[in-house]
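I opened this model to look up its enclosed spaces and its aromatic contacts, and I kept notes as I went.

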Amino acid sequence: MASLLQDQLTTDQDLLLMQEGMPMRKVRSKSWKKLRYFRLQNDGMTVWHARQARGSAKPSFSISDVDTIRDGHDSELLRSLAEELPLEQGFTVVFHGRRSNLDLVANSVEEAQMWMRGLQLLVDLVTSMDHQERLDQWLSDWFQRGDKNQDGKMSFQEVQRLLHLMNVEMDQEYAFSLFQAADTSQSGTLEGEEFVQFYKALTKRAEVQELFESFSADGQKLTLLEFLDFLREEQKERDCTSELALELIDHYEPSDSGKLRHVLSMDGFLSYLCSKDGDIFNPACLPIYQDMTQPLNHYFICSSHNTYLVGDQLCGQSSVEGYIRALKRGCRCVEVDVWDGPSGEPVVYHGHTLTSRILFKDVVATVAQYAFQTSDYPVILSLETHCSWEQQQTMARHLTEILGEQLLSTTLDGVLPTQLPSPEELRRRILVKGKKLTLEEDLEYEEEEAEPELEESELALESQFETEPEPQEQNLQSKDKKKVVMCPLFCPSICCQIVAQAPISKPESLLLSQQKSKPILCPALSSLVIYLKSVSFRSFTHSKEHYHFYEISSFSETKAKRLIKEAGNEFVQHNTWQLSRVYPSGLRTDSSNYNPQELWNAGCQMVAMNMQTAGLEMDICDGHFRQNGGCGYVLKPDFLRDIQSSFHPERPISPFKAQTLLIQVISGQQLPKVDKTKEGSIVDPLVKVQIFGVRLDTARQETNYVENNGFNPYWGETLCFRVLVPELAMLRFVVMDYDWKSRNDFIGQYTLPWTCMQQGYRHIHLLSKDGISLRPASIFVYICIQEDLEGDES
């Protein structure tokens with residue numbers, strides 16, 4: 001593939017012109033639009049920019065960081081400048097993770113199309129590379145960076161500089177011996193294959209060689225039977241057959257002669273260990289492997305809070321990009337806070353704050369476009385409506401017209417169901433969660449509603465910043481306080497007829513309830529809420545006696561955590577028949593996150609996260625939903641689906657035996673620098689392993705640090721954990737740069753469910769803070785899980 005890339009760079013007309021470079025306007029905002037000169041580098045992997053054609057250039061972005069390329073018409077920023085800049089000449093570079101988009105405007109439509117085609121071609125080539133091809137390309141990148149004078153050769157002085165760039169401190173004499181051994185032409189420089197040989201000597205894996213030789217009779221190869229023994233004994237793949245072992249040899253052995261003889265060389269063995277088959281994450285858990293025919297309330301659902309925000313919830317920017325990013329990462333429940341806007345058009349923003357506003361209809365159009373690009377399973381629109389009657393009608397019209405057949409506007413079979421439908425039954429459907437009018441409600445009901453229970457310290461701030469209070473039923477109130485007949489839950493077609501018969505002539509004459517800020521609910525919008533009617537939570541007893549399976553309660557994180565401590569088993573039983581949504585405290589004005597694990601422990605399905613904020617909490621969320629095809633739905637363990645469950649998250653008794661986990665942290669490979677600007681700095685890496693689960697299982701341990709070696713550090717340390725409820729446990733591996741003067745610096749992490757972990761010798765391929773691959777950075781571990789012989793414990 002690397003050679004295919006080089007072929008394209010020398011033959012494709014778009015790429016040839018991109019390598020020559022051209023000026024384009026870089027757009028950051030309505031007031032920041034500056035001319036810059038952009039050029040694709042000769043390696044085909046990086047784009048540089050300068051203030052002028054012959055000016056000093058610096059890297060702009062790497063092709064491996066690019067997710068996709070969008071047309072100017074699909075750019076929220078460029079559309080806002082359509083009267084000033086021609087959309088046909090604009091395009092957007094969208095990056096993985098949370099990095100801001102790059103909006104560019106070329107001098108002509110032809111130049112814009114050329115860059116769009118060329119960049120997309122390069123992205124597709126990089127995406128299709130396998131492990132070895134990525135490694136080859138990575139090696140080519142290092143050569144480009146190390147070859148300071150760009151003469152295609154590398155002197156020993158350049159090699160020394162490269163070693164520091166690669167995060168390794170090496171004895172000069174030893175480095176020179178490797179250099180001389182690789183310099184077969186005796187030219188005093190390394191070229192092409194010579195540099196490859198130098199790199200292979202540099203990356204020789206002594207620990208893997210030792211493992212290979214322990215199973216190889218002659219130390220040169222693994223026969224089919226020897227490899228089969230390794231897979232069964234060390235990798236714990238008890239059901240592995242000779243046929244499967246042969247398939248692995250055919251796939252990973254680089255030499256044709258080895259394939260013909262059905263043997264695995266050291267290179268093939270290492271290739272297997274670095275592949276998805278040698279990964280700690282079980283490949284069987286990567287596709288959709290769970291039963292998707294159970295009711296919605298039996299699943300954990302990937303959920304977003306304040307989805308429209310790409311920054312904090314006080315002054316941050318509201319953008320449809322928040323919905324695009326959330327949906328593309330598999331999120332299945334997005335939040336929409338809607339308020340009255342100018343010209344009769346509802347707007348979305350964080351109410352009573354300085355966050356910017358976006359049109360509700362643009363949000364709906366974005367959801368329609370991106371809802372099912374990553375997953376076919378249902379998307380839930382969690383509406384927090386603060387609009388007047390008229391603008392609620394506009395909301396209903398936009399939802400109906402823009403979403404069309406995607407919108408679920410009646411029950412699946414047209415009759416009252418007895419349980420929630422399944423994700424499978426709701427494929428490619430969009431559901432509205434929100435308030436709904438009911439039949440013959442007492443106008444005094446809202447006055448009797450219990451106030452949301454908030455911590456005293458939260459009350460003031462939550463009232464200002466939290467746009468999602470405990471949902472309360474909306475009621476109409478006439479001057480004589482008579483009862484008004486409203487639409488039944490599953491009869492949207494007669495909604496307007498019933499309201500028309502009520503003794504109220506105009507919407508304007510409908511008065512608000514005592515809570516002046518709460519507008520009355522429009523029947524047209526109410527009719528779009530089918531299976532997800534928002535109701536306020538009073539108590540678990542009240543829910544059992546008065547609520548139905550199609551109703552959903554929302555809890556602030558503070559209230560949910562308190563309920564878990566006070567009535568954990570009741571909360572678990574509640575979540576076996578009704579959906580619960582938990583949202584972050586209003587005190588989190590910086591859009592920080594809580595740990596979702598303790599809410600999942602109680603069976604809460606929709607634990608909403610501020611997805612724009614990276615960190616440990618989002619690592620746990622991403623790791624949890626990495627399984628099952630990344631579809632956004634994960635089946636809860638059976639003890640969280642049993643309506644008579646005795647499980648208590650604070651005092652758990654697992655239905656299965658506890659397990660002991662032994663993790664030998666062996667070595668690391670090509671760890672990135674913490675501060676890339678400091679060329680001479682080398683990291684001192686250590687590995688921290690964290691377990692998140694029920695409170696008694698939550699633990700952390702770490703290795704010692706290795707001094708001045710981020711290239712191939714060796715630890716060889718064993719960590720031990722005992723876990724009572726492995727079905728709920730998550731593992732997080734974090735590599736840190738030791739710093740005695742301050743907190744250790746983050747290098748990379750990987751988080752996965754216990755149930756998706758493979759035993760044996762495994763590589764853990766690290767991710768950045770934004771969840772982007774840091775390949776080839778990895779750690780090599782040995783995993784062993786032992787059943788507890790002591791039985792269940794409280």
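The entries below go through cavities, ring pairs and charges over rings.

**Entry 1, ground rules.** I am working with a predicted model, in which local features need pLDDT of at least 70 and side-chain atom pairs count only at pLDDT 80 or more, while totals for chains, interfaces and linings use all residues. Residues are numbered from 1 along each chain as its sequence is written, and side-chain values use heavy atoms, with hydrogens and water left out.

**Entry 2, cavities.** I took a cavity as a set of points on a 1 Å grid, over the protein atoms alone, where a 1.4 Å probe fits but cannot get out, with lining residues having an atom within 4 Å of a point. I counted two cavities of 30 Å³ or more, and the largest holds about 60 Å³. I found its lining to be Leu383, Glu384, Thr385, Val432, Gly434, Lys435, Leu521, Leu525 and Val529. Strands E13 (379–385) and E14 (430–434) are the elements that each give two or more residues to this lining, and E13 gives the most, with three.

**Entry 3, the second largest cavity.** This one has about 30 Å³ of space, and I listed Phe540, Lys544, Glu570, Gln573, His574 and Trp577 around it. Helix H21 (540–546) and helix H22 (557–574) each contribute two or more residues to that lining, with the largest share, three residues, coming from H22.

**Entry 4, ring pairs.** I counted rings of Phe, Tyr and Trp (its six-membered ring) as paired if their centres lie within 6.5 Å, with planes under 30 degrees apart called stacked, over 60 edge-to-face and the rest tilted. The total came to 26 aromatic pairs. I looked up phenylalanine 156 with phenylalanine 179, an edge-to-face pair at 5.4 Å centre to centre and 65° between the planes. Phenylalanine 156 lies in helix H6 (residues 156–165) and phenylalanine 179 in helix H7 (residues 172–182), so this pair ties together parts that are 23 residues apart in sequence. Both phenylalanine 156 and phenylalanine 179 are buried (under 20% relative accessible area, 1.4 Å probe, protein chains only).

**Entry 5, a cluster.** I also noted that ring pairs link Phe212, Phe215, Phe227, Phe230, Tyr252, Phe269, Tyr272, Tyr761, Phe780 and Tyr782 into a cluster.

**Entry 6, charges over rings.** Here I required NZ of Lys or CZ of Arg within 6 Å of the ring centre and within 35 degrees of the ring normal. Arginine 205 lies over the face of phenylalanine 780, at 5.2 Å from the ring centre, and the charged end of arginine 99 sits over the ring of phenylalanine 95, 3.8 Å from its centre.

Methods
1 Å grid on protein atoms, 1.4 Å probe; cavity = no way out; pocket = protein on both sides within 12 Å on 5 of 7 lines; lining within 4 Å. Points joined across faces, edges and corners; volume = space filled by probe spheres on them. Helix = DSSP H or I, 4+ residues; strand = E, 2+ residues; numbered from the N terminus. Buried < 20%, exposed > 50% of the residue type's maximum accessible area, 1.4 Å probe, protein only.
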